[in-house]
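Here are a few notes to help you find your way around. Please keep the model open as you read.

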Amino acid sequence: PPGNLSDCPNGSRWVMDVFNECAQDGRDIASVVLGLVSIFCFAAASFPQFYQACKTGIMDRALSIYFLLGWLGGDLLNLIGSFLADQLPLQVYTAVYYVLTDLVMLSLYCYYKVKNRSGGFATQVNAAFVFLSLGTVSTLSFLGRSAAVVQDPVMFKGRSLLSAHTDELGSKPFTRSEIIGFTIGSISSVLYLCSRVPQIYTNYKRRSTIGVSYSLFALVMLGNLLYGLSVLLKNPEPGQSEGDYVLHHLPWLVGSLGVLSLDVVISFQFLAYRRGRSGTREERDALLSEQG
C-alpha cells in the first residue's frame, strides 16, 4: 500500500508511495536514486559476459567455477532474505533476477565445459542446455510468484536498495530480527568477497583474460560503488548517531566496497595481460589441439 506521510513530514511523496521509505531532503533522495541506478548496473552486468561466452567459446577456461558458485551463493542468501522478510515487490523481483542470471551463467559454463570435451556429442549437449535453461526459467518464475504472498515481520538487510534501513535508534543492542539480518548479510558479503579470489588466481595462472568480459566487472564495480554511496548518504534515524548507523550496515558496506577493491585488482589484470597478450597464443593452441 502507499506510504503514509504523516510519519514522515516534508517527505517525498513518490519515494514514500513507491518504496515506503522516508526521504526528507536531498541527501535521502540522492541515496534512493543512487540505489536505483546500482540495481540497473547489477541487472545489466551479466549480458556482456553472455555475449563474450558465445563469441569465444572458452568460458569454461576463462571463468573460475568457484567465482560463479560464490556469486550464486551470495545472491541466493539475498533471495532467502527476501522470502524471510516482508519485502516490497521491487526487492523480490530483483533478488529473483539476480539468481536467474547467475544460474544462466553457470549453465553456460557447464555447457562449454562439456561441449569442449565432448567432440561429436554437440547435439546432445545443445539439447541438454536448452532443457536446463527452460527448467531454470520456469522454476524462478514460480518462486517469484510465490514470493509476492510471503509475509513475515522479520527485517532483512541485504544487497537490495531498500535493505539499507533500520528502525533502531541511538546505540541500542541489536534486536533478534537485526541479528538474523546481520548474520545473513555477513555470510553473503563473505561469499561475494571470496568469489573474486579464484577468478584473480585463474587470470594469473592463464596470464590472460581472454573469454572474460571486462564490462561484467565494470558494471559490478559501478553498482557496488553506487550502492555503498547510497547507504552512506542515507540520513540516520532521529536520535541515531552516524557511527551507530554505519555499524548497523557494516557487513553490506564491507561487501560492496570490499568487492569493489578486488574488482580493481581484476581491472589491473585486464590492463596487464591485454598489453602483453601472452595468453593469446596459448588459448589458440589449446583450442586447435582439442579440435585436432
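1. A charge counts as sitting over a ring if NZ of Lys or CZ of Arg is within 6 Å of the ring centre and within 35 degrees of the ring normal. In this predicted model, the charged end of Arg-207 sits over the ring of Tyr-204, 4.1 Å from its centre. Arg-196 has its charged end over the ring of Trp-71, 5.1 Å from the centre.

2. Trp-71 is worth a longer look. With a relative accessible area of 7%, Trp-71 is buried, and Phe-67, at 0% relative accessibility, counts as buried too. These residues are four apart in helix H5, so about one helical turn separates Phe-67 and Trp-71. Their aromatic pair is tilted, with 5.3 Å centre to centre and 50° between the planes. Phe-67 and Trp-71 also belong to one aromatic cluster with Tyr-214, Phe-217 and Phe-270.

3. Next, the cavities. The whole structure has three cavities of 30 Å³ or more, and the second largest holds about 70 Å³ of space. Its lining has 10 residues, and the closest to its centre are Phe-42, Ser-46, Trp-71, Tyr-98 and Thr-101. Helix H6 gives the most to this lining, with three residues. By class, the lining has five nonpolar, two polar and three charged residues.

4. Finally, helix H2 (residues 26-44). At 1.5 Å a residue, its 19 residues should span 27 Å, and the end C-alpha atoms are 27 Å apart, which agrees. Among the buried residues of H2 are Asp-28, Leu-34 and Phe-42.

Methods. Residues are numbered from 1 along each chain as its sequence is written. This is a predicted model: local features need pLDDT of at least 70, side-chain atom pairs count only at pLDDT 80 or more; totals for chains, interfaces and linings use all residues. Side-chain values use heavy atoms; hydrogens and water are left out. On a 1 Å grid over the protein atoms alone, a cavity is a set of points where a 1.4 Å probe fits but cannot get out, and a pocket is an open set with protein on both sides within 12 Å along at least five of seven lines; lining residues have an atom within 4 Å of a point. Grid points are joined across faces, edges and corners, and a volume is the space filled by probe spheres set on the points. Helices (H or I, at least four residues) and strands (E, at least two) are DSSP runs, numbered from the N terminus. Ala, Val, Leu, Ile, Met, Phe, Trp, Tyr, Cys and Pro count as nonpolar, Asp, Glu, Lys and Arg as charged, and the others, Gly among them, as polar. The expected span of a helix is 1.5 Å times one less than its number of residues. Buried means under 20% relative accessible area, exposed over 50%, partly exposed in between (1.4 Å probe, protein chains only). Rings of Phe, Tyr and Trp (its six-membered ring) pair if their centres lie within 6.5 Å; planes under 30 degrees apart count as stacked, over 60 as edge-to-face and the rest as tilted.
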